[in-house]
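User: I have a model open in the viewer and would like to talk it through with you. Could you start with one of the helices and work outwards from there?

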There are 2 protein chains.
Amino acid sequence: MMDEVLGQIRNIIKEQKRILTDKADLYSYSYDASFGVHLPDIVVQPKSAQEVTHIMKLANKHLIPVYPRGQGTSLSGGPLPVKGGIVLDFSKWDDKLEIDREDMVAIVSPGVLTSNINDAAMEQGFIYPPDPSSSHVSTIGGNLAENSGGPRGLKYGVTKDYVIGLEVVTPEGEIIRTGGRTVKNVTGYDLTKLIVGSEGTLGIITEATLRLYPKPQGNQTLMAVFDEMADSGKAITNILSAGILPAKLELMDNASITAVEAYEPLGLPTDAEALILIELDGHPAAIADESERVRQVCEAADAKEVIIAANEQEAENLWKARKLVSPAIVREKPTKISEDATVPRSKIPAMFQRLKEIKEKYQVDLVVFGHAGDGNLHPNIIADKRDKDEMQRVEQAVEGIFQAAIELGGTLSGEHGIGTLKAPFMEMELGEVGLDMMKRIKQSWDPNHILNPGKIFPEPGQKLVLSDG
Amino acid sequence: MMDEVLGQIRNIIKEQKRILTDKADLYSYSYDASFGVHLPDIVVQPKSAQEVTHIMKLANKHLIPVYPRGQGTSLSGGPLPVKGGIVLDFSKWDDKLEIDREDMVAIVSPGVLTSNINDAAMEQGFIYPPDPSSSHVSTIGGNLAENSGGPRGLKYGVTKDYVIGLEVVTPEGEIIRTGGRTVKNVTGYDLTKLIVGSEGTLGIITEATLRLYPKPQGNQTLMAVFDEMADSGKAITNILSAGILPAKLELMDNASITAVEAYEPLGLPTDAEALILIELDGHPAAIADESERVRQVCEAADAKEVIIAANEQEAENLWKARKLVSPAIVREKPTKISEDATVPRSKIPAMFQRLKEIKEKYQVDLVVFGHAGDGNLHPNIIADKRDKDEMQRVEQAVEGIFQAAIELGGTLSGEHGIGTLKAPFMEMELGEVGLDMMKRIKQSWDPNHILNPGKIFPEPGQKLVLSDG
């Protein structure tokens, strides 16, 4: 049957080089930045909504699974072709990136790299605020599917907050337009915000209209160092309730600090329990005043040191510490399990306590850093996936992290998505009825369950598996 | 059958005074701030999610329509009991209004007045930004159902942007919790943002968790007066692309200006084609500088006068002009048809031209004001609903307004919702497939179609009717 389907795809996609069937090529699409290897049967690189509709209609007729994919940087398994079938690779479809100055929007095709959108916006005096760490290598299509976050989430929100219109191909191959070019729109159900973050299970995004923001006139970076983790939490709350909303508010624990310092000596305080990095942005006079107040708040919360960057070079040096956490920790062991369980801000100290217990109980290498301002921590476990025993302890530790986050009123995922990895834990957070209401939407939109199957919704009895990746 | 149902409701709601069946009482629930009069059979005033679940289960068993209602300020017919049945009046359920300073959230029950949330937040150094004009008389439950906007939408967004968690009773009477207390959450489909703005057709909100913002440290009001409407549009674009994002950016056309001046002489420039009112907020040093720059931008765009309020009293006087538009125009004629068709910001001049043509073609009294910064205009037609001939011309004019907005890439409704009034025009904006995807969600969640029937989705052949209201 696949041969017949392939023949029909060759009629849909005129440029034959955009159809890949070689084993070597298929292998490149069998994995992402999470776990598991699954070979697709065919890879297609579409470049128009029309091509996508034809393929979806064909796939529906033959009940073949279809998986949209950007650059494959997903940490949760979003684009993995777990049931075989067709991968739609959108990374080549990057021809549209228009900035409309008057409407303050960007119109983009799905394969555009996210950082290119911000660059183009900056040239016109705007910013596109969402800044996932992968923004230089990930496509906007992937960011939209996963509703990506990033450090600027505290002040500016996440991807979803900037999407005001979409062109979407439905699972049955029809083209719809949701929202539009206006920031306010209450005409019917908000399909835009339903599709963004649905991890490619409800529709395939073929164009997006993104809201831009005026570019802030200046910014200022600070670092505050704490002997006690609890004090850093107090400082964070008091900064925010002093009427100051930093663009970024990042935290590193002692394990992150020492890992970075071992990787590249930056003069970081390796005896500190925590440090926070703050970026203020806005009018220069405002941020000059605000950074002085942030310093006072941190000192009142027993910071042992507060550094205010004197210039851009010093600011970059301070941020370097945060940027080096990931490379530093993977040098210690090759396998990194990057979680993003998120708790209410007030529960950060309790979450740190739980993470400490998990680390001891399962004897895993756990490092914590992340977006403390919005409660979106990144507990990372480093391990060696060839060590089966260790990986089983990691699985248990990850389950413990999810449980702790939910018990503290938080969520499984703040920004990486559910994909294949977290599907087994969905009911734990949502309850049976909550999950069922999501399934009803999926069922009503994709009655054949061919669009990105195996994601979000758990299979009966599905468990977290990292050890055979 | 209603008697049997009433008997069972009396078992569910222990306080009998919260069950209303008198004709006089029922009449109070037969209308809202839009058009049409529809008597319900029973009104219930629930005060817990448990009561709501029992009523929904009962209603499903007997296939009786149920309509959630706040204070009935809807301009689109949202709470009208168009098919008889049970109205659930949530305006008495206002006992919960908690501000959590650390998590920067408010937890509220559905009957709380929206302005009370902002007042409570302000006491703790925060704001709840959404500010629909009705916020002193409308409930948060109604605001959530309709995804209300307001002047601060330009900088701060709308109701939906502040909702991070909900407790909801499904149409079949189950309780679910969506989202939570974290700003970032990508666990499954975003049911929170699907339910907010679904106009009470997908679920009944029994509690909401709302995000708060640090309270800005100061604000500044300016007024700029223009001889040419096009120049005011140029000024608006140039303010925003200069990196300045005002909290409010409101516009009044000549008809609004002269109506207000006739109602209460404020010394407004009655010969001007347009004036814009701007509120800047933020750090005092920043807004001092920004107001000077706004003045320069406006003058460069040929403003004939720019006034910067010297103090709070002067600011209030400037805003008085905008506040008096509604009372001023209804003094001229008793019936006000308040539309909220929204266009991309760049299309505001074209929309003004179309509105002028509509006014002349149908000989209606059309006044335009509104939230120009985000393209959300409020074309208001004043008429006398006893004059059948005039009302028929009004119906045609309203249809013309919708058509113009959609042709210019805009939307039927920026903040008032679809309800009964705009349902006939849904397909014009969304197309058949787009509307069908919404209907599928409704069908999958409310298979008996008992929750707020007759709203959003048009009945076959349904037309706009204002004249028999």
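Analyst: This is a predicted model, so treat what follows as computed from it. Helix 3 of chain A, residues 49–62, lies across strand 2, strand 3 and strand 4 of chain A, and runs at about 170 degrees to strand 4 of chain A.

User: In what order do the strands of that sheet in chain A come, and is it open or closed?

Analyst: In chain A, 4 strands form an open sheet in the order 1-2-4-3, with mixed pairing. Its edge strands are strand 1 (19–20) and strand 3 (66–69) of chain A, each of which pairs on one side only.

User: And which helix packs on the sheet and touches strand 1?

Analyst: That is helix 1 of chain A, residues 2–12, which touches strand 1, strand 2 and strand 4 of chain A, its direction making about 15 degrees with that of strand 2 of chain A.

User: In what sense do strand 2 and strand 4 of chain A pair, parallel or antiparallel?

Analyst: Strand 2 (residues 42–44) and strand 4 (residues 86–89) of chain A pair in the parallel sense, over 3 bridges. Within that part of the sheet, Ile42(A) stands opposite Ile86(A) of strand 4 of chain A.

User: Changing topic, how much area is buried between chain B and chain A?

Analyst: About 7,000 Å² is buried between chain B and chain A, with carbon and sulfur atoms giving 58% of that area. Three residues, Lys184(B), Val186(B) and Tyr189(B), supply 15% of the area that chain B buries against chain A, which is more than any other three residues. The contact takes 87 residues from chain B and 87 residues from chain A.

User: What does Lys184(B) form a salt bridge with?

Analyst: Its partner is Asp374(A), and the closest N and O atoms of the two are 3.1 Å apart. The count of salt bridges between chain B and chain A is 8, and 42 residue pairs across this interface are in polar contact.

User: Which helix of chain B gives the most to the side that touches chain A?

Analyst: Helix 15 of chain B does, with 12 residues. The residues on that side of chain B divide into 31 nonpolar, 31 polar and 25 charged.

User: How many salt bridges does the structure hold over all chains?

Analyst: There are 64 over all chains. One pair within chain A is Arg295(A) with Glu292(A), whose closest N and O atoms are 3.4 Å apart. These two residues are separated by about one helical turn, because they are 3 residues apart in helix 10 (residues 284–300) of chain A.

Notes
Residues are numbered from 1 along each chain as its sequence is written. Chains are lettered from A and ligands numbered from 1 in the order in which they are written. This is a predicted model: local features need pLDDT of at least 70, side-chain atom pairs count only at pLDDT 80 or more; totals for chains, interfaces and linings use all residues. Side-chain values use heavy atoms; hydrogens and water are left out. Two strands pair if DSSP finds at least two bridges between them. Contact means heavy atoms within 4.5 Å. Axes are lines fitted to C-alpha atoms, for helices over the stretch in contact, and angles run from 0 to 180 degrees between N-to-C directions. Buried area is the accessible area (1.4 Å probe) that two parts lose on being put together, summed over both. A salt bridge is a side-chain nitrogen of Lys or Arg within 4 Å of a carboxyl oxygen of Asp or Glu. A polar contact is a pair of N or O atoms within 3.5 Å; within protein, one must be able to donate a hydrogen and the other to accept it, and residues adjacent in sequence count only if both atoms are side-chain atoms. Ala, Val, Leu, Ile, Met, Phe, Trp, Tyr, Cys and Pro count as nonpolar, Asp, Glu, Lys and Arg as charged, and the others, Gly among them, as polar.
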